[in-house]
Amino acid sequence: MTRKVAILISGGGSNMVSLVRSMTGDHPARPVLVLSNRPDAGGLQKAADLGITTAVVDHKPYGTDREGFEAEVTAAIEAAGADLVCLAGFMRVLTPYFVGHWSGRMLNIHPSLLPKYKGLHTHARALDAGDAEHGCSVHEVTAELDGGPILGQARLPVLPGDTPDTLAARVLPLEHQLYPAVLRRYATGDRTPILLSAANA
Ligand code: GAR
């Protein structure tokens with residue numbers, strides 16, 4: 001059975017592009033929707049250029065009504081027929097309602113070696129801590145922010161002179177390898193973690 005994937009973005013959508021491009025040939029999933037909470041997200045045009053249906057659910061009119069916003073997002077995902085959700089730079093904190101609805105069917109990529117540095121400013125925090133290694137993680141989404149079971153990690157060495165920007169620029173290509181690799185495996189029901197390092201990524 002081919003899985004149908006909705007990809008949720010808020011920004012440039014480079015991870016979304018790598019996921020979409022990976023879902024060809026004998027891949028067990030296909031992209032059916034790219035949805036953004038920001039009408040101006042750069043990734044929307046990239047998705048349209050790739051021939052993927054796009055949708056916008058702007059969170060702003062909902063104010064503090066997070067569940068109202070999420071109900072609209074869920075309706076759009078279900079209208080597209082998706083049964084898997086990939087968060088790819090989707091910068092909204094999710095309520096237990098939304099997480100529960102998509103439990104076991106929703107993945108996220110986070111730019112740190114979880115459980116380190118949940119939340120924001122991950123590259124700066126890794127540098128401030130003097131870490132020798134940094135990277136990214138793909139995990140199942142649970143009610144705990146960036147806290148669900150880890151499905152894959154990619155790591156690289158922190159170099160002398162690294163800044164948050166240089167680290168981010170080296171982590172992002174690793175994200176583009178890790179997320180498609182995890183999705184391909186996960187879409188078949190295999191949750192065995194994938195471990196990559198810059199040397200073999
Ligand atoms: C990526 O680095 C992703 O890991 C991060 O946002 C960026 C989105 O880039 N996600 C988070 O920080 C989630 N907490 P993209 O739009 O080019 O894929």
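Which residues of α3 are buried? Let me start there, and please keep in mind that what we have on screen is a predicted model.

The buried residues of α3 are Phe-69, Glu-70, Val-73, Thr-74 and Ile-77. Around the axis they cover an arc of only 135 degrees, so they sit on the same side of α3. If you like a rule of thumb, an α-helix has 3.6 residues a turn, so residues three or four places apart point the same way. And what lies over them? The cover for these buried residues includes the strands β1 (3–9), β2 (29–36) and β4 (84–87), along with helix α4 (96–101).

The helix itself runs over residues 66–79, which makes 14 residues. At 1.5 Å a residue it should span 20 Å, and its end C-alpha atoms are 20 Å apart, so expectation and model agree. After α3 comes Gly-81, with a positive phi near 80 degrees.

Now step back along the chain to the loop between β3 (54–56) and α3, where you will find His-59. Is His-59 buried or exposed? Its relative accessibility is 11%, and because the cut-off for buried is under 20%, His-59 counts as buried. Its side chain makes a polar contact of 3.0 Å with the side chain of Asn-37. Leaving aside residues up to four places away in sequence, His-59 touches Asn-37, Arg-38, Phe-69 and Arg-92. You have met Phe-69 already, as one of the buried residues of α3.

On to the ligand. Among the residues surrounding it are Gly-12, Gly-13, Ser-14, Asn-15, His-110 and Glu-175. An oxygen atom of the ligand lies 2.7 Å from a side-chain N or O atom of Glu-175. Asn-15 takes part through its backbone, with an N or O atom 2.9 Å from a ligand oxygen. For His-110, a side-chain N or O atom is 3.4 Å from a nitrogen of the ligand. Taken alone the ligand exposes 450 Å², and the protein buries 81% of that.

Finally, some backbone details to look at in the loops. Between β5 (106–110) and α5 (122–128) lies Pro-115, and the peptide bond from Leu-114 to Pro-115 is cis, with omega near 15 degrees. His-121 is in the loop between β5 and α5 too; though not a glycine, His-121 has a positive phi of about 55 degrees. Asp-146, also not a glycine, has a positive phi of about 55 degrees, in the loop between β6 (133–140) and β7 (150–157). Their surroundings are worth a look: His-121 counts as exposed at 62% relative accessibility, whereas Asp-146 counts as buried at 10%.

Notes
Residues are numbered from 1 along each chain as its sequence is written. This is a predicted model: local features need pLDDT of at least 70, side-chain atom pairs count only at pLDDT 80 or more; totals for chains, interfaces and linings use all residues. Side-chain values use heavy atoms; hydrogens and water are left out. Helices (H or I, at least four residues) and strands (E, at least two) are DSSP runs, numbered from the N terminus. The expected span of a helix is 1.5 Å times one less than its number of residues. Buried means under 20% relative accessible area, exposed over 50%, partly exposed in between (1.4 Å probe, protein chains only). The arc is that of the directions from the helix axis to the C-beta atoms. Contact means heavy atoms within 4.5 Å. A polar contact is a pair of N or O atoms within 3.5 Å; within protein, one must be able to donate a hydrogen and the other to accept it, and residues adjacent in sequence count only if both atoms are side-chain atoms. A residue is near a molecule or strand if one of its heavy atoms lies within 4 Å of it. Accessible areas come from the Shrake-Rupley method with a 1.4 Å probe; for residues, only the protein chains shown count as cover.
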